[in-house]
Amino acid sequence: MSRLVEDLPKTELHLHIEGSLEPSMVMELARRNNVDFPHATETELLATYEFDNLAGFSKVYQSSSRVLRTERDFNELTQAYMRRVRQDNVRHVEIAFAPQGASSRGVDPVMALEGVLAGFEEAKAEHGMTGGIIIGCQRHRGIDDAMRMLDQVRPYRDRIMAIGLASLEVGNPPSIYRRLFEEARELGWKAVAHAGEEGPPEYIWEAIDILKVDRIDHGVRCEEDPALMRRLAEQQIPLTVCPLSNVYLKVFPTLERHNVARLLRAGLCVTINSDDPPYFGGYVNENYIQSQAALGLGDAELVQLARNSFVGSFMDDTERQRHLADIDAVWLRHAGEAAPAHVQN
Ligand code: ADE
Ligand code: ZN
């Protein structure tokens, strides 16, 4: 375990709350809610966590998500995630919740949102954390379904931070969701979108120019387009990269072949996140630590990634400066400890 990674204050900007469901909780909720579930044990369930791509993952993810039925389930799920990432010294989270996923399973999306919001408020107070909720649109369901979903959550407009775009990327370009993002931005929300995970660089351009996003989720395929790399670097548009997710979903064959270090060294505002941690082998610190080991990230680069996680967040600037000062203090202390001992006098 790298002590620097543990000690650095961090944020998490790319996390699907339904994707934080631990296998033990899947089994517990299946029992509690009498859900007819195809796996009898946690081990059996875990054996299905092998994915060829995003589509293969989505099937398993949707199957496990079926156990989430009640407001209490969503509340407990959110609190469990916050409790877990506080151990990773995560101070601020911006977490995505997908109302359409709930609707598709016959669960009232507004009730589910109430559960997430209540759990979030309780956990923020208990752990001294900050953050916001991103309403994630599932892009495989089309614009009409997305607009209905927006109408359902609109009454909660003041308790929501941003609109997002997730699920199956290829064949579902961002441009389809222009109207959704326009209306969401009119509500005063920020905007983020998954783009350039499996989809081409053109989808990243569309997310920036058509959806006018503040941040790109994943975005790793930007490297195929030098003009796009320049745009991302010049405007410092943050990328919420999820290295372990990308390996589990075969976006990269191994972590050693991941481009997160190259993107960082090219001057992009790269952040490191976990996406769906129990499915992809680890929470935020595990993503930092394994990336460091596989890609030879130096201490200064780990510090830069932690700084970027605050710079790329939607927190207010005073708060951001306070966290950045904390990062500087941790960095100074570590640099002091790593330096050779001085001979006194
Ligand atoms: N939903 C949950 N995880 C996702 C990912 N990695 N890409 C797109 N949609 C998702
Ligand atoms: Zn994601």
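## Starting at Arg31

Arg31 sits in helix H2 (residues 23-32); helices here are DSSP runs (H or I) of at least four residues and strands are runs (E) of at least two, numbered from the N terminus. With a relative accessible area of 61%, Arg31 is exposed. For that label, exposed means over 50% relative accessible area, buried under 20% and partly exposed in between, using a 1.4 Å probe and protein chains only. Val67 is 36 residues away along the chain, and its C-alpha atom is 8.7 Å from that of Arg31.

Keep in mind that this is a predicted model, where local features need pLDDT of at least 70, side-chain atom pairs count only at pLDDT 80 or more, and totals for chains, interfaces and linings use all residues. Residues are numbered from 1 along each chain as its sequence is written, chains are lettered from A and ligands numbered from 1 in the order written, and side-chain values use heavy atoms, with hydrogens and water left out.

## The zinc site

So what holds the zinc ion (ligand 2)? His14, His16 and His194 each offer NE2, and Asp275 adds an OD atom, at 2.1 to 2.2 Å. Donors are N, O and S atoms within 2.8 Å of the metal (3.2 Å for Na, K and Ca); water is not among the atoms, so sites may look incomplete.

Along the chain, the donors follow the spacing H-x1-H-x177-H-x80-D. His194 in strand S5 (residues 190-195) and Asp275 in the loop between strand S8 (270-272) and helix H14 (284-295) link distant parts of the chain, 81 residues apart. Both count as buried: His194 has 6% relative accessibility, and Asp275 has a relative accessible area of 3%.

## Around ligand 1

Ligand 1 has a ring of neighbours including Leu54, Phe57, Tyr61 and Glu197, where a neighbour has a heavy atom within 4 Å. His16, His194 and Asp275 turn up here too.

Polar contacts are pairs of N or O atoms within 3.5 Å; within protein, one must be able to donate a hydrogen and the other to accept it, and residues adjacent in sequence count only if both atoms are side-chain atoms. A polar side-chain atom of Asp275 lies 2.6 Å from a nitrogen atom of ligand 1, and a polar backbone atom of Ser167 is 2.9 Å from a ligand nitrogen.

## Strand S4

Is strand S4 (residues 162-166) buried or exposed? Five of its five residues are buried, so S4 is largely enclosed by the rest of the structure. Ala162, Gly164 and Ala166 lie on one side, with Ile163 and Leu165 on the other.
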